[in-house]
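Biologist: Could you walk me through a protein model, step by step, in plain words?

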Amino acid sequence: MKKHVCMMTLSIAALLFVSTTASAQVKHRRPYTSGAGVTAHYDTDGVKGNGRSRDYLCRGDSYDGHSGTDFGLPMGSTIVASAAGTVTRTNNGCANHGGLGSTCGGYLGNWVELSHSDGSRTVYAHMQLGSIKVRTGQRVQCGQVLGRSASSGN
């Protein structure tokens, strides 16, 4: 199972990939339109709580137990679908600023989940309250606006 989370520095939008054993894997683009870079990668060592982390290049550009990839974006940045898919779930009721210990939205704050043709799912989390532009059951295209970034949840 692969997981990736995209979070922002001033604001956070998470992106989780949960892949199945599909034959043709969907290719994803960046879930935002700015040139922001990665601030922390997914921890690939597979052991949460061991005090160590390893990113996809076997470096230390991660932190222990991190289940995603963080991107530094300003608050209110446009979040777009990284690949075509169908909206399977959303949550839109959390304050724009969460923090450690916040359980709102299952720790993800305001979020959108997409299901893709290869069986993978992508979750865009820590979004801005009231900014979600899609609804459950809706089909979205790669690059379609889903909402805006914030720092909701944990």
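What follows is a short set of questions and answers about this structure.

Modeller: First, two ground rules. This is a predicted model, where local features need pLDDT of at least 70, side-chain atom pairs count only at pLDDT 80 or more, and totals for chains, interfaces and linings use all residues. Residues are numbered from 1 along each chain as its sequence is written, and side-chain values use heavy atoms, with hydrogens and water left out.

Biologist: How many helices and strands does the protein have?

Modeller: We use DSSP runs numbered from the N terminus: a helix is H or I with at least four residues, and a strand is E with at least two. Reading from the N terminus, the elements run β-β-β-β-β-β-β-β-β. The count is therefore 0 helices and 9 strands.

Biologist: What share of the residues is buried?

Modeller: Buried means under 20% relative accessible area, exposed means over 50%, and partly exposed is in between, with a 1.4 Å probe and protein chains only. The protein has 154 residues, and the buried share of them is 44%.

Biologist: Which elements give two or more residues to the largest nonpolar core?

Modeller: A nonpolar core is a set of buried Ala, Val, Leu, Ile, Met, Phe, Trp, Tyr and Cys residues joined through side-chain atoms within 4.5 Å. The largest one has 15 residues, and those touching the most other members include Val112, Leu114, Tyr124 and Met127. The elements asked for are β6 (110-115) and β7 (121-127).

Biologist: Which residues does Ser131 contact, leaving aside its neighbours within four places in sequence?

Modeller: Ser131 sits in the loop between β7 and β8 (139-140), and it is buried, with a relative accessible area of 0%. A polar atom of its side chain lies 2.8 Å from the backbone oxygen of Gln128 and 3.0 Å from the backbone nitrogen of Arg148. Contact means heavy atoms within 4.5 Å. By that rule, the partners of Ser131 are Asn92, Leu146, Gly147 and Arg148.

Biologist: Is His126 buried or exposed?

Modeller: Most residues other than glycine have a negative phi. His126 is not a glycine, yet its phi is positive, about 60°. This residue lies in strand β7. At 1% relative accessibility, His126 counts as buried.

Biologist: What is the relative accessible area of Tyr107?

Modeller: Tyr107 also has a positive phi, about 80°, although it is not a glycine. Its place is in the loop between β5 (85-91) and β6. Tyr107 is partly exposed, with a relative accessible area of 45%.

Biologist: How many residues apart in sequence are the parts that the disulfide of Cys94 and Cys104 ties together?

Modeller: A disulfide is a pair of cysteine sulfur atoms within 2.5 Å, and a search of the whole structure finds 1. Cys94 and Cys104 form it, with their sulfur atoms 1.9 Å apart. Both cysteines lie in the loop between β5 and β6, so the pair ties together parts whose separation in sequence is 10 residues.

Biologist: Which cysteine of that pair is buried, at 2% relative accessibility?

Modeller: The link of Cys94 and Cys104 is left-handed, with -95° about the S-S bond. Cys104 is partly exposed, with a relative accessible area of 29%. The buried one, at 2%, is Cys94.

Definitions and conventions:
Polar contact = N/O pair within 3.5 Å; in protein donor to acceptor, adjacent residues only side chain to side chain.
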